[in-house]
Amino acid sequence: MLNRHRWVTNLVVAVPLLALAGFSLLPIVKLVNGGVAVATEPNGRSISQTSQLRATAQGYIQVLKGSPENQVALKGLLDVQLQLGDVKGSLLTLEKIAALNPQTPDYTVLLAQTKQYLGDRDGALASYRSILTIHPQNINALQGLVSLLLDGKQPAAAIGAVQSAIATPVTGRDRVPLNLLLAQVYITQQRNADAIGIYDGLIASHKEDFRPILAKGLMFKQVGNLPEAQALLIAAADLAPANYKDRLNQLVREIDLPKPAVSPSISSPTPLVVPAVKAP
């Protein structure tokens with residue numbers, strides 16, 4: 001598994017909402033066989049299916065011997081290699097695809113993640129930086145670079161990388177995710193006041209954007225300020241597009257606010273009933 005920082009874990013729910021998502025390195029392959037018991041390999045795939053995948057891979061390899069830049073064959077081979085769990089074998093395939101598609105940085109991001117997975121930290125850093133040289137505000141590459149720098153105990157470099165991306169003039173780009181990433185890096189360094197400053201600035205300047213409110217709410221939840229977190233998440237849910245509202249409302253419901261202490265009630269004394277006395 002990739003080495004993940006606590007800050008990544010804390011944003012698991014927010015990642016798709018804040019547009020900070022990366023790629024999944026290995027696809028989830030589900031085996032459905034109608035309930036029939038079959039011989040399987042340790043990964044849960046049947047031996048027959050594994051053999052078919054390997055035969056498919058060999059077919060793509062044969063095509064590539066005659067046409068090494070055939071992208072249909074390259075992408076097909078990559079898909080099969082990932083299904084087989086052959087991460088190391090996919091590296092060369094990814095390098096070829098990334099080189100043939102410099103206009104599509106997502107392939108280079110996946111290449112960097114693969115290098116990181118295989119323990120090639122320097123190679124991963126180089127791949128992320130090669131993307132940022134051409135696309136200085138690519139959030140996936142920047143997030144990957146920041147993760148590696150934090151892993152390497154280089155928080156100042158991580159902060160500098162995000163600040164540099166924010167300062168780069170690019171027309172028409174959404175800078176909110178970049179600022180949210182910077183705030184999250186500050187949180188990893190216990191610089192919560194700096195993070196709140198970023199959130200408050202974004203909330204003031206992007207009044208209809210739910211993302212800064214959501215991020216601030218998640219931060220308050222993380223530090224244990226549950227009433228403030230709940231209020232912010234409710235506000236974010238109100239502003240969010242319809243396809244995010246259910247998830248945000250679920251986050252609100254998951255916050256278990258402490259119940260206020262109930263003072264013991266003091267019951268009124270039972271009135272003394274004095275029986276009527278008839279006059280003699």
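Reader: What pLDDT does the chain average?
Author: This is a predicted model, in which local features need pLDDT of at least 70, side-chain atom pairs count only at pLDDT 80 or more, and totals for chains, interfaces and linings use all residues. Residues are numbered from 1 along each chain as its sequence is written, and side-chain values use heavy atoms, without hydrogens and water. pLDDT is the predictor's confidence in each residue, from 0 to 100. Of the residues, 76% score at least 70, and the chain average is 79.

Reader: How many contacts beyond four places in sequence does the model have for residues 265-280?
Author: Contact means heavy atoms within 4.5 Å. Over residues 265-280, pLDDT stays under 50. Residues 1-42 also stay under 50, with 83 such contacts. For residues 265-280 the count is zero.

Reader: Which helix gives the most residues to the largest nonpolar core?
Author: Such a core joins buried (under 20% relative accessible area, 1.4 Å probe, protein chains only) Ala, Val, Leu, Ile, Met, Phe, Trp, Tyr and Cys residues through side-chain atoms within 4.5 Å. This one has 36 residues, and Y128, L142 and Y199 touch the most other members. Helices are DSSP runs (H or I, at least four residues), numbered from the N terminus. Contributors of at least two residues include α5 (105-117) and α6 (121-134). The top giver, with nine residues, is α9.

Reader: Are α5 and α6 roughly parallel or antiparallel?
Author: Their axes, lines fitted to C-alpha atoms over the stretch in contact, lie 8 Å apart. The angle, on a scale from 0 to 180 degrees between N-to-C directions, is about 165°. Angles over 145 degrees count as roughly antiparallel, under 35 as roughly parallel. α5 and α6 are therefore roughly antiparallel.

Technical notes
Buried < 20%, exposed > 50% of the residue type's maximum accessible area, 1.4 Å probe, protein only. Parallel < 35°, antiparallel > 145°, perpendicular 65-115°, else oblique.
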